Structure formats: C-alpha cells, structure tokens
Amino acid sequence: MLRLVGVTHIYPNGTKALDNATLDIPKGMFGLLGPNGAGKSTLMRCIATLQTPSTGTIQFGDIDVVQQPEKLRTTLGYLPQDFGVYPRVSALDLLDHLAVLKGLGNKGERKDTVETLLNQVNLWSVRKKAVAGFSGGMRQRFGIAQALIGNPSLIIVDEPTAGLDPEERNRFNNLLSEIGENVVVILSTHIVDDVADLCSRMAIIVNGKIVELGAPAELIQGLSGQVWRRTIPKAALPQYQSRMNVISTRLRGGQTVIHVAANAAPEAEFEPIAGGLEDFYFATLAATRREGARAAQTASSN
C-alpha cells in the first residue's frame with residue numbers, strides 16, 4: 001500500500017503544483033487522470049523521490065519515502081514522460097548498463113535478467129540495435145524493461161502512451177496490465193481510455209488537488225441518467241454553452257455533437273446516453289472550473 005497524506009509542493013516561483021494531495025493506492029493498476037499542468041508529473045516525481053514535497057508524508061509499506069528515499073529506490077521502477085538514451089548503444093548493452101546501476105553486480109544474474117526482460121517486452125529480435133533508432137512504441141517498451149529491473153514492488157509510468165499509434169498503444173497497455181497483477185503500478189495520464197481499460201482504481205487531479213477518487217465503474221455510476229446528447233450546428237455551440245452544462249463537444253460530419261449533464265432532458269431533441277468515464281472526467285473538470293471561477297469572482301469582489 002502506498003499512502004500519501006497532505007502532500008503539497010510549492011516551487012520557488014510560488015507556483016503551488018500540489019495542494020494537500022491525500023491518496024491510498026493499493027496493489028494493482030491505479031490511474032491518475034488529469035489535464036496537462038494539473039500536477040500529475042510533480043506528484044509522480046515526489047513519489048519517485050526526484051523531488052521532496054514542501055509538506056506532507058508519503059509512506060510505502062514500512063518505508064518513509066520522504067525520509068528514506070534511498071530505501072524506496074531499491075524497490076522502485078520508474079518510466080518518466082521523457083527519458084534520454086545513449087545515441088549508439090544497443091538495447092542489450094544499455095539495459096545491461098542500467099542493471100549494473102540498479103545494483104545487479106553478478107554477471108550471470110544480470111545476463112539472465114536482461115534477456116528475460118527483453119523477451120518480456122518483445123524486443124529480443126532488435127536487441128543489437130541502438131535504442132536511439134527505435135520507434136516511439138519500442139522506446140516505451142524499452143522504458144518498461146528498465147523500470148522492471150530488480151523486480152520492483154512500486155512502478156510509476158508517466159504519460160506512457162502519449163504519441164503512440166493505436167497498435168503500439170494496445171500492445172503497451174497489455175504489457176502494463178500483466179505487470180500490474182502483483183505490484184503497485186501508478187499510471188499517470190491524460191488519456192481517459194487508458195484508465196478505463198486498465199485501472200481498478202483511479203483519481204482525478206486538477207490544479208494540484210485530488211478532486212475525485214474511486215473505482216472507475218463506481219464513479220461512472222454516479223452519472224447514471226444524467227448525460228444527454230444532441231447534434232447541433234457548430235455555430236450554435238456558444239448559445240448552448242451559455243444555457244446548459246455542456247461537458248464535452250465533438251465535431252462529426254461538419255456538425256457538433258454535444259454532451260450535456262443534467263437531471264432531465266435539457267430540451268426535447270436531446271437523447272439520453274449511458275455516460276462513460278470520459279463523460280465523468282469532463283463533467284468533473286467542468287464542475288471544478290466553475291467552482292474556481294466562482295471563488296475567483298468572490299475574491300475579487302471582497
């Protein structure tokens with residue numbers, strides 16, 4: 001179990017990237033969903049001991065992550081959003097080098113580990129090619145291989161499928177799903193489908209705050225009977241946005257499909273739909289932004 005209590009991080013320029021984040025993350029796949037700039041990467045970096053939170057505690061089992069970062073690193077696997085590689089080093093040699101850095105000093109043990117991981121992520125056939133020349137999906141699979149060195153109990157992957165084509169994304173997600181059966185895996189992303197497909201529990205973070213937490217199916221159930229759809233001319237969108245709680249829009253065939261959250265049909269032309277995780281996510285973002293706008297208006301009037 002990974003437990004975060006009151007984790008806040010303020011950068012030197014005064015930006016509050018995390019605001020009292022409190023989470024319990026059990027074994028399995030856990031999704032951290034939020035828009036760009038919401039604080040996901042900052043939270044991941046705090047958990048991964050790459051930066052120390054301004055306040056709050058992070059506990060993984062019996063490890064105090066803030067006070068014992070070196071102890072956590074022995075059982076941590078981390079795939080950041082962007083990672084660099086040596087330009088002319090093969091996948092085999094680079095993974096072997098990273099295994100040395102991770103503490104696998106025994107040559108035989110290290111050889112077995114490297115070969116097993118390259119097979120697990122389906123890169124054995126290209127093991128002698130330079131990682132710098134890999135496609136985006138191949139590089140991400142190599143990133144997972146290096147994160148799995150040493151059989152970590154906690155694995156963090158930050159925006160792992162951004163930029164991947166659908167086939168590579170599907171392959172990568174299948175790999176993550178297999179890994180997440182026995183360890184804690186935190187998937188930080190802004191891609192709703194990845195969380196819906198993979199994660200048994202999730203949180204939504206907006207402006208550094210955890211605003212929703214639970215199982216995706218349970219969160220979606222809260223929208224039952226409250227999502228309505230209609231196709232409208234694109235030019236009419238501002239009118240609907242001013243009158244209704246439009247949670248998402250999508251252009252289709254030259255017209256705009258809108259989803260509206262309401263307890264009853266906003267107008268006769270709307271049809272009810274079964275809201276999915278994307279609808280719940282967009283409804284949460286819309287509600288959070290309205291609350292923020294009201295707070296800002298109240299502050300300015302005082």
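1. In this note, two residues are in contact when heavy atoms of each lie within 4.5 Å. The structure under discussion is a predicted model.

2. The first topic is the packing of two helices, H5 and H6. Helix H5 spans residues 136-147 and helix H6 spans residues 166-179. Their axes lie 10 Å apart and make an angle of about 10°. H5 is therefore roughly parallel to H6, because angles under 35 degrees count as roughly parallel.

3. On the H5 side, the contact is formed by Gly137, Met138, Gln140, Arg141 and Ile144. Their partners in H6 are Glu168, Arg171, Phe172, Leu175, Leu176 and Ile179. By character, the residues of this contact between H5 and H6 comprise 6 nonpolar, 2 polar and 3 charged.

4. Aromatic pairs were sought throughout the structure, and 2 were found. One of them joins Tyr281 and Phe282, with 5.7 Å from centre to centre and 35° between the planes. This pair is classed as tilted, because planes under 30 degrees apart count as stacked and those over 60 as edge-to-face.

5. The two members of that pair may also be described by their accessibility. Tyr281 has a relative accessible area of 4% and is therefore buried, the limit being under 20%. Phe282, with a relative accessible area of 27%, is partly exposed.

6. Two arginine side chains deserve mention for their placement over aromatic rings. Arg127 lies over the face of Trp124, at 4.0 Å from the ring centre. Arg243 is positioned over the face of Tyr240, at 5.1 Å from the centre of that ring.

Key. Residues are numbered from 1 along each chain as its sequence is written. This is a predicted model: local features need pLDDT of at least 70, side-chain atom pairs count only at pLDDT 80 or more; totals for chains, interfaces and linings use all residues. Side-chain values use heavy atoms; hydrogens and water are left out. Axes are lines fitted to C-alpha atoms, for helices over the stretch in contact, and angles run from 0 to 180 degrees between N-to-C directions. Helices (H or I, at least four residues) and strands (E, at least two) are DSSP runs, numbered from the N terminus. Angles under 35 degrees count as roughly parallel, over 145 as roughly antiparallel, 65 to 115 as roughly perpendicular and the rest as oblique. Ala, Val, Leu, Ile, Met, Phe, Trp, Tyr, Cys and Pro count as nonpolar, Asp, Glu, Lys and Arg as charged, and the others, Gly among them, as polar. Rings of Phe, Tyr and Trp (its six-membered ring) pair if their centres lie within 6.5 Å; planes under 30 degrees apart count as stacked, over 60 as edge-to-face and the rest as tilted. Buried means under 20% relative accessible area, exposed over 50%, partly exposed in between (1.4 Å probe, protein chains only). A charge sits over a ring if NZ of Lys or CZ of Arg is within 6 Å of the ring centre and within 35 degrees of the ring normal.
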